[in-house]
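Please look at the structure below with two topics in mind: how its domains meet, and how one pair of helices packs together.

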Amino acid sequence: MSSTLFTGISELHTVSERGVINNGAVIIQDGTIQWVGPAAEAPAADQEIDCGGRAVLPGWVDSHTHMIFAGDRSQEFAARMAGEDYAAGGIAVTMNATREAGEHALTELLKQRIRDAHAGGTTTIETKTGYGLDTQSEALAARIAAAHVDDVTFLGAHLVPPGADPDTYLDEVCGPMLDAVAPHAQWIDVFCERGAFNEEQSRRVLRAGQARGLKPRVHGNQLGEGSGVQLAVELGAASVDHVNYINAEDIEALASSNTVATVLPACDLSTRQPLAPARTLIDAGVHLAIASNLNPGTSYTSSMNFCVGTAVLQMHLSLEEAIRAGTSGGARALERHDTGNGLDPHRRPAKGTLVEGAAADLHILCSAHAIDLAYRPGMPMTHQTYRAGRRVA
C-alpha cells in the first residue's frame, strides 16, 4: 500500500500526550497512521497532500445517535418552543412512521444522514434501534445499521408502545426481540427515566442483553434525578448518557468507575433542559464524551462542530477539553480508545486520536485555528474529512 503525507498543518491536535503540534504532519498507510510529528522531521512518503495551513483534528466520534427513523416531528418541536414541556411519549409518532417506511426508505435515509455527518467531520458513528418497538421492525433497524455504521445499539426499551402492557412488552424486548437483534448489535441500552422504564425494569433489560453478549449503555438522568447513573456504574456500562440531573453521589460513583458520562448539548438546548454539568464532571475526574444525539424529536442535528462549540461557549469547557470529549471521549464510550501495541495488526485501530497505529480518521478544518469552532459559531468549519485514509467529504 502507498503512503500519504499530510503536511501544511497549522495546528495538529493529536488528542494524546503529544498535545498540539504546530506546523505538524501525518503519514498514513493502509487506513492507519504510520507517523506523526513536526513537518520539518517528516520522512518521505509516496504522495503528499498539502492542507494549506489548516488545523487538523481526529475525526469526531459520535457515540450517541438515533439515525434510523422516518417521519417528522417539527410541530412537536414548535410546540415545545412555545412553552410545552418535553415528554418521552413523542417517540410514538416516529414509531408509526418508521414501521411504515420499509427497508429501502430507511436505508436511504440512514445513508444520507451518514453523509451529512461526514460533511461535518464525523468519522465514527454509533446508532441505536428503538423507533420500531416490535420484533420485526427492531430487527430490520439493527440489520440496516450493522451494514452502515461502526457500532449498533439495541434500544427496544426506548418506550412502551401505545396501548401495550409494560410487562408484556418487556417480555418481548428481553425475549424474541433480543434474539432477533443480538446478531447485529454490540450494545444494549434502556431509557431509564420517568415516562419510560424504572430501575427494576431497566436492570432486567440490561441483564438480559448482557446474557446475550451485548454490553450495556444507559439513557439516564435526563428529565430529573433518578437511578440511571447508579445503575450504569453497577452494571459496568460503557456510558450513561444525558446526565442533566445528577447529585454528589452520582458524580462520585462515575469518578470511581470506567463508565463515561456522555453529554448531549444540542438535545439540552432543544428540550430547554439545564445543560449537563460537564465542567463539574471533568473537575471530578469523570471520563466525559460529547455526542450529537441525532434524533427527530429532541436533537435533529449531527453537527458535532456545533456540539463541541456549544460545550466551549456554554458548558465552560476549554477548547482542548471539548475536542477530547468529542473524539477520544466518544471512542472510550464505544471502547475504541485503546491502541494496544501501536501497529499490532490484530487489534482494531483506536479512534479519536492521532498517534501511530490509530485509525487514519482526519478532520481538516476550514480554519488555521481550532478555536474557531467556538469563536465563529454556526460557520462552516469542515474543509475535508478522511475516514481510514479515504476522503469521505
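## The interface between the domains

In this predicted model, domain 1 and domain 2 bury an area of about 960 Å² between them, and carbon and sulfur atoms account for 59% of that area. On the side of domain 1, Leu373, Ala374 and Arg387 provide 45% of the area buried against domain 2, which is more than any other three residues supply. Such a value is a common way to express the extent of an interface, since the size of an interface is often given as the accessible area lost when the parts come together.

Domain 1 consists of the segments 4-58 + 353-391, while domain 2 covers 60-317. Where they meet, 12 residues of domain 1 are in contact with 13 residues of domain 2, and the centres of domain 1 and domain 2, taken over C-alpha atoms, are separated by 30 Å.

## The packing of two helices

Two packed helices are described by the angle between their axes and the distance between the axes. For helix H3 (residues 103-119) and helix H4 (residues 135-146), the axes come within 10 Å and cross at roughly 40°. This angle makes H3 oblique to H4, because angles from 65 to 115 degrees count as roughly perpendicular and those under 35 degrees as roughly parallel. The crossing in which H3 passes H4 is right-handed.

## The residues between the helices

From H3, the residues Glu103, Leu106, Thr107 and Leu110 meet Leu140, Arg143, Ile144 and Ala145 of H4. Sorted by character, the residues of this contact of H3 with H4 comprise five nonpolar, one polar and two charged.

How values were computed:
Residues are numbered from 1 along each chain as its sequence is written. This is a predicted model: local features need pLDDT of at least 70, side-chain atom pairs count only at pLDDT 80 or more; totals for chains, interfaces and linings use all residues. Side-chain values use heavy atoms; hydrogens and water are left out. Axes are lines fitted to C-alpha atoms, for helices over the stretch in contact, and angles run from 0 to 180 degrees between N-to-C directions. Helices (H or I, at least four residues) and strands (E, at least two) are DSSP runs, numbered from the N terminus. Angles under 35 degrees count as roughly parallel, over 145 as roughly antiparallel, 65 to 115 as roughly perpendicular and the rest as oblique. A crossing is left-handed if the near helix is turned anticlockwise from the far one by less than a right angle, and right-handed if clockwise. Contact means heavy atoms within 4.5 Å. Ala, Val, Leu, Ile, Met, Phe, Trp, Tyr, Cys and Pro count as nonpolar, Asp, Glu, Lys and Arg as charged, and the others, Gly among them, as polar. Domain bounds come from an automatic or database domain assignment. Buried area is the accessible area (1.4 Å probe) that two parts lose on being put together, summed over both.
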